[in-house]
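This report describes the fold, the helix and the nonpolar cores of a single protein chain. The model is a predicted one.

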Amino acid sequence: MIFGIPDPEENDCAVAIAMWSIREVIYCDTSTRHLVGFVLQESLGRASSAIQSFDKGKMLIETRSGRLYKLHGRPGDHPDAEYVWRRWMNFNHAQDEKNVTAEYWDGET
């Protein structure tokens, strides 16, 4: 099932996301990057809004919606996250997908 998520509250903590990757697509005639992964607290796949900033030291991503994501563990794939991502791409007519996870992961953190 695909559904929207509520806007983040001002005092929301970072959402822990595992088995994650970063995908770049052409969306609305602009290149954007999105976090795709498995939200541990909810046991659900998620595709984020466009990434606005990345703190490599803290492995923390902030998205256009204002939500914060804490990258948990190594990058990877999860079937539920891939399903959500494919649906998001189709719904938004995103094109030219490129996996850019290596730019966010040095293999050590």
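## The helix and its buried face

The expected span of a helix is 1.5 Å times one less than its number of residues. Helix α1, which covers residues 79-92 and has 14 residues, reaches 20 Å from its first C-alpha to its last, close to the 20 Å expected at 1.5 Å a residue. The helix is followed by His 93, whose phi is positive, near 55°.

Buried positions in α1 are Ala 81, Glu 82, Val 84, Trp 85, Trp 88, Met 89 and Asn 92. Viewed down the helix axis, these buried residues fall within an arc of 165°, so they line one face of α1. That buried set packs against the strands β1, β2, β3 (44-55) and β6 (95-99), whereas Pro 79, Asn 90 and Phe 91 are exposed on the other side of the helix.

## Overall architecture

The chain contains one helix and six strands, and, read along the sequence, these elements follow the pattern β-β-β-β-β-α-β. Of the contacts between residues at least 6 apart in sequence, 58% join residues at least 24 apart.

Buried residues account for 39% of the 109 residues in the chain. The chain exposes about 6600 Å², and carbon and sulfur atoms supply 50% of that area.

## Two nonpolar cores

The largest nonpolar core has 14 residues, and those that touch the most other members are Trp 20, Ile 22, Leu 35, Ile 61 and Leu 71. Two or more residues of this core come from each of β1 (15-27), β2 (30-39) and β5 (68-72), with β1 giving the most, namely four residues. Leaving aside neighbours within four places in sequence, Leu 71 is in contact with Ile 17, Trp 20, Leu 35, Phe 54, Met 59 and Ile 61.

A second, separate core consists of 10 residues, among them Trp 85, Trp 88, Met 89 and Ala 94. Three of these names, Trp 85, Trp 88 and Met 89, also appear among the buried residues of α1.

## A buried serine in β1

Is Ser 21, a residue of strand β1, buried or exposed? Its relative accessible area is 3%, and Ser 21 is therefore buried, given that buried means under 20% relative accessible area.

The side chains of Ser 21 and Arg 23 are joined by a polar contact of 2.8 Å. When neighbours within four places in sequence are left aside, the residues in contact with Ser 21 are His 34, Leu 35, Val 36, Gly 76, Asn 99 and Thr 101.

How values were computed
Residues numbered from 1 in each chain as written. Predicted model: local features only at pLDDT ≥ 70, side-chain atom pairs only at ≥ 80, totals over all residues. Heavy atoms only, no water. Buried < 20%, exposed > 50% of the residue type's maximum accessible area, 1.4 Å probe, protein only. Contact = heavy atoms within 4.5 Å. Areas by Shrake-Rupley, 256 points an atom, 1.4 Å probe, with all protein chains shown as cover. Core = buried A, V, L, I, M, F, W, Y, C linked by side-chain atoms within 4.5 Å. Polar contact = N/O pair within 3.5 Å; in protein donor to acceptor, adjacent residues only side chain to side chain. Arc of directions from axis to C-beta.
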